[in-house]
Structures are given as C-alpha cells and as structure tokens.
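Me: I have a chain on the screen and want the reasoning behind its labels. Take me through them one at a time.

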Amino acid sequence: MAKGKQKPGRGRTAEAVTARVDGGLAELVPDRDRPRGRTLLIDGAPQSHVDLDDPAYLDFAYQRRLGHIADLVAPPGKPVQALHLGGGAFTLARYVAATRPRSTQQIVEIDAPLVAFVRAELPLESTWRVRVRGGDAREGLGKLPDGWADLIIADVFSGARTPAHLTSTEFAAEVRRVLRPGGFYAANLADGPPLAYVKAQIATVGTVFPELCLTADPAVLRGRRFGNAVLLASDRELPVAELTRRAATDPHQGRVEHGRALADFTGGAAPVTDADARPSPAPPPSVFE
C-alpha cells in the first residue's frame with residue numbers, strides 16, 4: 001500500500017493499460033514527468049512506481065526508505081542475494097539490480113496474473129539475475145535454505161492489508177533462518193492511529209532480532225495519519241546514523257526511531273503469534289482520495 005506514461009513503443013501509446021488480476025483491477029498509469037514511468041494501481045490503490053529508463057529511481061517515500069536499506073546492507077556496489085516477499089511491479093528488485101550488478105534475487109508473488117501483466121508491460125532486463133516464483137510468501141520463504149539471503153524485503157498486501165500469517169513470531173523466525181548473519185530484514189508496515197499494528201510488529205520482530213529501528217514520516221509516527229512505516233531488523237548493529245541522515249534529506253522527510261526512543265514508542269506492546277495473528281488494518285478511504 002502506498003501513495004505515483006510510458007513512452008510510445010512497440011505500437012503502444014502513452015495511455016493507461018489495465019488487466020484483471022487476482023487482487024482486482026490492475027492499472028499501469030503513465031507518469032507525466034517521466035516518459036517511461038508507470039504507477040501500478042490495484043483497485044485504485046497505488047502500489048508501486050517504475051521508471052524503465054531509470055530503475056534506480058524510487059518515487060514513493062516508503063520505497064526510497066527500503067532503497068536506503070538496500071544501499072546499506074553491504075558495501076556500495078557489492079552484489080547481494082536478496083529475497084522480495086511480494087512482487088508488485090518489482091520496483092525494489094529493479095533497484096538492487098541497477099545499483100548492485102550481478103546480485104542474485106528472488107521474488108515471491110502469489111498473484112500470477114499480476115506477474116504476467118507486469119512482465120509484459122514492464123519487462124525485466126534479461127541480464128538481471130532475478131527469478132520470480134509464484135506462490136504464498138511464507139511458503140516461498142520456507143523453501144529457501146538457511147542463511148541464503150543478505151537482504152529480505154517484505155512488502156506483501158492483499159486488498160491493501162498484510163495477511164495475518166506474515167505478522168507472527170513464527171514468520172519472523174523463518175525470516176531469521178533464511179537471513180545470513182549480518183543480513184537485513186526490512187518490512188513495509190501500513191497503519192494509522194493509534195499505531196497498534198506497528199507497535200505489535202516491533203514487539204514481534206524483536207523476539208527474533210536483537211537490533212531494530214523504524215523509519216517513517218513524522219506525521220505517521222505521531223499518529224496523525226495513516227501511512228507506511230519501514231521496520232529494519234538485524235543481528236548486528238544497524239547503520240542508524242546514516243539511515244537517519246538519508247531519511248532526513250529525502251523529498252518526503254522521514255524520521256528514524258531506535259533504542260530507548262523505539263522502546264518508548266512501542267510502549268510494552270505484546271508480540272503476535274500464529275494463534276492470535278490478524279491482518280494489518282485496512283486503510284481509510286481518504287488515503288486514496
């Protein structure tokens with residue numbers, strides 16, 4: 001969930017294209033400022049943005065924050081092994097491929113018609129080492145060997161909500177299993193006042209990973225509006241100072257909470273298990289107006 005024209009080619013005009021997918025009506029809407037930029041919407045809700053001419057360009061604020069994390073997981077330009085739970089328009093996989101050539105990546109996306117639509121309209125470069133697997137994100141995660149990934153990004157939404165089975169301590173333990181020592185786990189969380197879901201996710205992931213931080217728009221962190229927050233977790237010290245600097249200089253300025261401030265923000269929220277997990281909250285209609 002997030003808030004984004006393709007240059008005429010192959011006989012196409014710069015008009016929106018649509019397809020019926022499992023998640024609803026998918027649209028790729030031209031970006032008036034970028035000749036080969038497109039915004040993906042599902043049932044009218046913006047999901048992601050892609051610029052085929054510049055795959056390192058990230059338009060949405062939450063995707064820029066995920067991009068910062070991808071930048072910091074390893075030395076600049078070093079290839080990594082990345083797992084993307086949730087495909088969308090493959091925006092972050094494109095970013096990693098462009099900024100870290102020779103990286104090996106896997107995308108797990110349950111919506112097969114969406115994958116086919118994106119592949120047809122926004123094709124991946126043939127030289128990129130990106131494999132797209134169909135199926136449920138947790139099942140796909142379970143098929144990977146221990147310590148496979150340097151970076152795992154969870155950005156899974158079904159009907160604008162993250163499914164319940166991707167919010168539990170058991171799921172977080174599987175993430176930890178697949179992540180290499182020193183790797184990063186980043187999750188896109190969508191929530192609104194009083195941020196009970198985000199706080200519970202911090203507590204949940206904190207049962208598995210010793211190091212956490214959260215980055216989001218200050219208005220979201222203050223509980224003033226519904227929006228995206230990115231949770232970063234690892235078994236090593238996080239680059240909080242650099243992430244804070246990057247978030248503060250973004251076009252849509254972000255704030256980073258860490259340590260005591262993050263604990264105070266979480267306020268004693270309880271971890272979530274498979275037995276009591278619930279989907280993330282549905283966004284209010286005003287988010288898409």
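Me: What makes up the lining of the largest pocket, by residue class?
Reply: In this predicted model, the lining divides into 24 nonpolar, 13 polar and six charged residues. Tyr and Pro count as nonpolar, and Gly counts as polar.

Me: How much space lies in the largest pocket, and which residues are closest to its centre?
Reply: The space is about 720 Å³. The lining has 43 residues, and the closest to the centre are Gln47, Glu109, Val156, Phe157 and Ser158.

Me: Which helices and strands each supply at least two residues of that lining?
Reply: Strands S3 and S4 do, and so do helix H1 (61-72), strand S5 (81-85), helix H2 (91-99), strand S6 (104-109) and strand S8 (149-154).

Me: Why is the other kind of space called a cavity and not a pocket?
Reply: In a cavity a 1.4 Å probe fits but cannot get out, whereas a pocket is an open set. The largest cavity has a volume of about 110 Å³. Of its 16 lining residues, the closest to the centre are Ala154, Thr162, Leu166, Tyr185 and Ala187.

Me: What supplies the lining of the largest cavity?
Reply: Strand S9 (179-191) and helix H6 (196-206) each supply at least two residues. The largest share, four residues, comes from S9. By class, the lining has 11 nonpolar, four polar and one charged residues.

Me: Which residues line the second largest cavity?
Reply: They are Leu166, Thr167, Ser168, Phe171, Ala172, Tyr185, Gln201, Thr204 and Val205. The space is about 30 Å³. Helix H5 (169-178) and H6 each supply at least two residues of this lining. H6 gives the most, with three residues. The classes are five nonpolar, four polar and no charged residues.

Me: Now the sheets. What makes S1 and S4 edge strands?
Reply: The open sheet of four strands has the order S1-S2-S3-S4, with antiparallel pairing. Strand S1 (17-21) and strand S4 (45-51) each have a single partner strand, so one side of each is left without a neighbour in the sheet. The twist averages 25 degrees from one strand to the next.

Me: How do you know that S2 and S3 pair?
Reply: Pairing takes at least two bridges. Six bridges join S2 (residues 24-31) to S3 (residues 34-42), and the two run antiparallel. Proline 30 has arginine 38 in S3 as its bridge partner. So the pair meets the cut-off.

Me: How do you know that S1 and S2 pair?
Reply: By the count of bridges again. Five bridges join S1 to S2, which run antiparallel. That is enough, because at least two are needed. Valine 17 stands opposite leucine 28 in S2. A hairpin of two residues joins S1 to S2.

Me: What is the order of the sheet of eight strands?
Reply: The order is S7-S6-S5-S8-S9-S11-S10-S12, in an open sheet with mixed pairing. Strand S7 (129-134) and strand S12 (255-258) are the edge strands, as each pairs on one side only. On average, neighbouring strands of this sheet are turned by 15 degrees against each other, direction ignored.

Me: How do you know that S9 and S11 pair, and in which sense?
Reply: S9 and strand S11 (residues 227-234) share eight bridges in the antiparallel sense. At least two would do, so they count as a pair. Alanine 190 stands opposite asparagine 228 in S11.

Me: Where does helix H9 lie?
Reply: Helix H9 (residues 259-266) lies across strand S10 (211-216) and S12. Its direction is at about 90 degrees to S12.

Me: Why is the peptide bond from proline 193 to proline 194 called cis?
Reply: Its omega is near 5 degrees, and the bond is cis. Proline 194 is found in the loop between S9 and H6.

Me: What is the phi of arginine 102?
Reply: Phi is near 75 degrees, a positive value in a residue other than glycine. Arginine 102 has its place in the loop between H2 and S6.

Me: Why is the chain called as compact as a globular protein of its length?
Reply: The chain has nine helices and 12 strands. Its radius of gyration is 18 Å, close to the 19 Å that the globule rule gives for 289 residues, so the description fits. Along its principal axes, the C-alpha trace spans about 55 × 40 × 40 Å.

Note on methods. Residues numbered from 1 in each chain as written. Predicted model: local features only at pLDDT ≥ 70, side-chain atom pairs only at ≥ 80, totals over all residues. Heavy atoms only, no water. Axes fitted to C-alpha atoms, helices over the stretch in contact; angles between N-to-C directions. 1 Å grid on protein atoms, 1.4 Å probe; cavity = no way out; pocket = protein on both sides within 12 Å on 5 of 7 lines; lining within 4 Å. Points joined across faces, edges and corners; volume = space filled by probe spheres on them. Rg over C-alpha atoms; globule rule 2.2 N^0.38 Å. Contact = heavy atoms within 4.5 Å.
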